[in-house]
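Colleague: I would like a close look at one arginine and the parts around it. Please keep the account brisk.
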Amino acid sequence: WLTVDNFAGAGQGNVYLISRNFGAGNGIYLYRSTDHGASFGPNGGTQIVAGNQGAYVTVGPDHSVYAFWLAGTTIQMRKSTDLGVTFGSPVTVASGLVGGTNGDMSLTGMRQGTATFSGFRSNQFPHVAVNPVSGNLYAVFANDGPGADKADVFVVQSTNGGVTWGVPVKVNDDVTTTDQWQPTLAVSPEGNKLGIFYYSRQEDPVTNNAFK
């Protein structure tokens, strides 16, 4: 994933890219461009964490850079206050996730033209947005909440620049035992609206298969 610092001041126009290296580096690395994407550095990237998956990056109105990832049953974050050169210690964003291989939630579905249910890949990777006015951070992820279904969507907020995070709140308000997963989110430019978007099978409570 990548993000662009569109806020006025030092760092405006910087591009930050985060990726998972499955080669010799075996971890999550951040790269930055200070020339509008013409080049990126440092060579080999800045290591955010060894191993793990689910890397995501965003930038705040104060030019802080936030790197997120899934670490077993938790979501973690590191923050940079020097335009992505160095990062602070990890902070736990959310805990109590079901974990699994790469956060897989063991979801199944029946493809059109077939007669049996089979598994498909899913994850609990975080997506994050920053309020462009207040600087508040919002992280969404899927998790196996209470009930017979395997996946619900949750959002958790930080109002102090990622120092601490509140209690996750379930987003989907259906009363069915169907799955909701793969969320993402966006904040309006005015900072007064937060939109959360996800797959949901709540209109198919009988087979828990068809989704919107």
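Does Arg 201 count as buried or exposed?

Modeller: Arg 201 counts as buried, at 2% relative accessibility. Buried is under 20% relative accessible area, exposed over 50%, partly exposed in between (1.4 Å probe, protein chains only). This is a predicted model: local features need pLDDT of at least 70, side-chain atom pairs count only at 80 or more, and totals for chains, interfaces and linings use all residues. Residues are numbered from 1 along each chain as its sequence is written, and side-chain values use heavy atoms, with hydrogens and water left out.

Start with the partner. The side chain of Arg 201 meets that of Asp 179 in a salt bridge, 2.7 Å from N to O. The cut-off is a Lys or Arg side-chain nitrogen within 4 Å of an Asp or Glu carboxyl oxygen. This pair links distant parts of the chain, 22 residues apart. Asp 179 sits in the loop between β14 and β15, and Arg 201 in the segment after β16 (194–200). Strands here are DSSP runs (E, at least two residues), numbered from the N terminus. Asp 179 has a relative accessible area of 3%, so both Asp 179 and Arg 201 are buried.

The whole structure holds 2 salt bridges. In the other, Glu 203 and Lys 212 meet through their side chains at 3.1 Å, N to O. Glu 203 is exposed, with a relative accessible area of 61%. Lys 212 is exposed too, at 65%. One pair is therefore buried at both ends, and the other is exposed at both ends.

Now the space around the arginine. Arg 201 helps line the second largest pocket, together with Gly 109, Met 110, Arg 111, Ser 118, Gly 119, Phe 120, Trp 181, Asn 209, Ala 210 and Phe 211. About 150 Å³ of space lies in this pocket. Its lining has 5 nonpolar, 4 polar and 2 charged residues.

Trp 181 leads on to a cavity. It lines the largest cavity with Ser 122, Asn 123 and Gln 182. On a 1 Å grid over the protein atoms alone, a cavity is a set of points where a 1.4 Å probe fits but cannot get out; a pocket is an open set with protein on both sides within 12 Å along at least five of seven lines; lining residues have an atom within 4 Å of a point. The search of the whole structure finds 1 cavity of 30 Å³ or more, and its volume is about 30 Å³. Its lining divides into 1 nonpolar, 3 polar and no charged residues.

β15 (180–187) also reaches the largest pocket, giving two or more residues to its lining, as do β1 (2–4), β5 (53–59) and β11 (127–130). β5 gives the most, with 4 residues. The largest pocket holds about 340 Å³. Of its 17 lining residues, Thr 3, Thr 58, Val 59, Ala 129 and Val 130 lie nearest its centre. By class, its lining has 14 nonpolar, 3 polar and no charged residues.

Last, follow the chain back from Asp 179 to β14. Strand β14 (residues 169–170) runs antiparallel to β13, joined by 2 bridges. Val 155 stands opposite Val 169 there. On β13 (residues 152–158), 6 of the 7 residues are buried. Strand β12 (residues 137–143) is also antiparallel to β13, through 7 bridges. Ala 142 stands opposite Val 153 in β13.

Conventions:
Points joined across faces, edges and corners; volume = space filled by probe spheres on them. Nonpolar A, V, L, I, M, F, W, Y, C, P; charged D, E, K, R; others polar. Pairing = 2+ DSSP bridges.
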